[in-house]
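Reader: I've got a chain up on my screen and I'd like to talk it through with you. Could you start with the overall layout and then get into the side chains?

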Amino acid sequence: MNEALEVLSTGSWLHSFPEGKVAQDHQPIRRLKWGTASLIVRAPVTPIVLPIVHTGFEKVMPEKSFFGRRPPLPLCGKDIQIIVGEPVDFDLAGLKQVAAMIPQDTSFERKGWPTITPEGLDEAAQRWLYQKMSDKIQSAMESLRKTLLNSKQH
């Protein structure tokens with residue numbers, strides 16, 4: 001995460017896969033991991049978040065193709081579709097302000113969360129903030145996924 005944050009700090013492109021898993025089917029986008037939201041919050045300048053969804057890579061490297069295993073090399077000649085959505089905008093100042101009003105919840109098991117962030121956000125507020133941001137990205141990605149599926153049916 002520190003290396004990724006360093007990349008963002010220089011204004012460079014950083015591609016993250018917030019699903020935490022390569023999908024091998026056409027199921028809805030899974031609940032996103034919070035690492036991408038954490039990077040957005042911690043970056044010195046709020047990065048542009050550009051949702052990208054693709055399909056067909058499960059045919060290029062299927063999990064179970066040869067003798068129940070992944071092929072040794074990517075398979076050629078497969079149909080791949082990639083769709084790039086509109087940038088997802090985050091009003092970080094507004095989100096942080098709302099997050100700061102979240103009541104403290106001491107029932108969470110501490111797993112390396114900073115006690116208080118530089119913005120004064122405790123663990124409950126950080127969790128709320130990351131969840132809201134991840135939900136917004138997930139919603140954009142799910143919309144793109146549905147667009148891809150609809151384009152395949154026409």
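**Layout of the chain**

Author: The chain has five helices and two strands. Keep in mind that this is a predicted model.

Reader: In what order do the elements of the chain run from the N terminus on?

Author: There are five helices and two strands to place. Starting at the N terminus, the order is α-α-β-α-β-α-α.

Reader: How much of the chain counts as buried?

Author: A residue needs under 20% relative accessible area to be called buried. The chain has 154 residues, and the share of them that passes is 34%.

Reader: And what share of the accessible surface belongs to carbon and sulfur atoms?

Author: The accessible surface of the chain adds up to about 10200 Å². The part belonging to carbon and sulfur atoms is 56%.

Reader: Helix α2 caught my eye. Which helices do its buried residues pack against?

Author: Helix α2 covers residues 35–42, and six of its eight residues are buried. Those are T36, A37, S38, L39, I40 and V41. Their packing partners are α1 (2–9), α4 (92–99) and α5 (123–153).

Reader: Let's do T55. Is T55 buried or exposed?

Author: T55 sits in strand β1, which spans residues 52–55. Buried means under 20% relative accessible area. T55 has a relative accessible area of 8%, so T55 is buried.

Reader: Which residues is T55 in contact with, leaving aside neighbours within four places in sequence?

Author: Contact here means heavy atoms within 4.5 Å. With those sequence neighbours set aside, T55 touches H26, D79, I80, Q81, L148 and K152.

Reader: I80 also turns up in a nonpolar patch on the surface, right? Which residues form the patch?

Author: Yes, I80 is one of the patch residues. Together they have about 570 Å² of accessible area. The members are W13, L50, F57, I80, I82 and V84.

Reader: Take F57 from that list. Why does F57 count as partly exposed?

Author: F57 belongs to helix α3, residues 57–60. Partly exposed lies between the buried limit of under 20% and the exposed limit of over 50%. F57 falls in that range because its relative accessibility is 35%.

Reader: E58 is in helix α3 too. What is the nearest side chain of opposite charge to E58?

Author: E58 does lie in α3, and E58 is buried without a salt bridge. Its side chain does reach the backbone nitrogen of G56 at 3.0 Å. A salt bridge needs the nitrogen and the carboxyl oxygen within 4 Å. At 4.6 Å, the nearest side chain of opposite charge is K59.

Reader: So where are the salt bridges? What does R127 form a salt bridge with?

Author: The structure holds two salt bridges. R127 has its partner four residues away in helix α5, about one turn of the helix. R127 is buried at 17% relative accessibility. The closest N and O atoms are 3.1 Å apart, and the partner is E123.

Reader: Is E123 buried or exposed?

Author: The limit for buried is under 20% relative accessible area. E123 has 5% relative accessibility, so E123 counts as buried.

Reader: How far apart are the closest N and O atoms in the salt bridge of R145 with E142?

Author: R145 and E142 are about one helical turn from each other because they are three residues apart in α5. Both R145 and E142 are buried. Their closest N and O atoms are separated by 2.7 Å.

Terms used. Residues are numbered from 1 along each chain as its sequence is written. This is a predicted model: local features need pLDDT of at least 70, side-chain atom pairs count only at pLDDT 80 or more; totals for chains, interfaces and linings use all residues. Side-chain values use heavy atoms; hydrogens and water are left out. Patches are made of residues with over 30% relative accessible area and no salt bridge: like charges are joined within 9 Å, nonpolar side chains (Val, Leu, Ile, Met, Phe, Trp, Tyr) within 5 Å. Accessible areas come from the Shrake-Rupley method with a 1.4 Å probe; for residues, only the protein chains shown count as cover. Buried means under 20% relative accessible area, exposed over 50%, partly exposed in between (1.4 Å probe, protein chains only). Lys and Arg count as positive and Asp and Glu as negative; His and the chain ends are not counted. A polar contact is a pair of N or O atoms within 3.5 Å; within protein, one must be able to donate a hydrogen and the other to accept it, and residues adjacent in sequence count only if both atoms are side-chain atoms.
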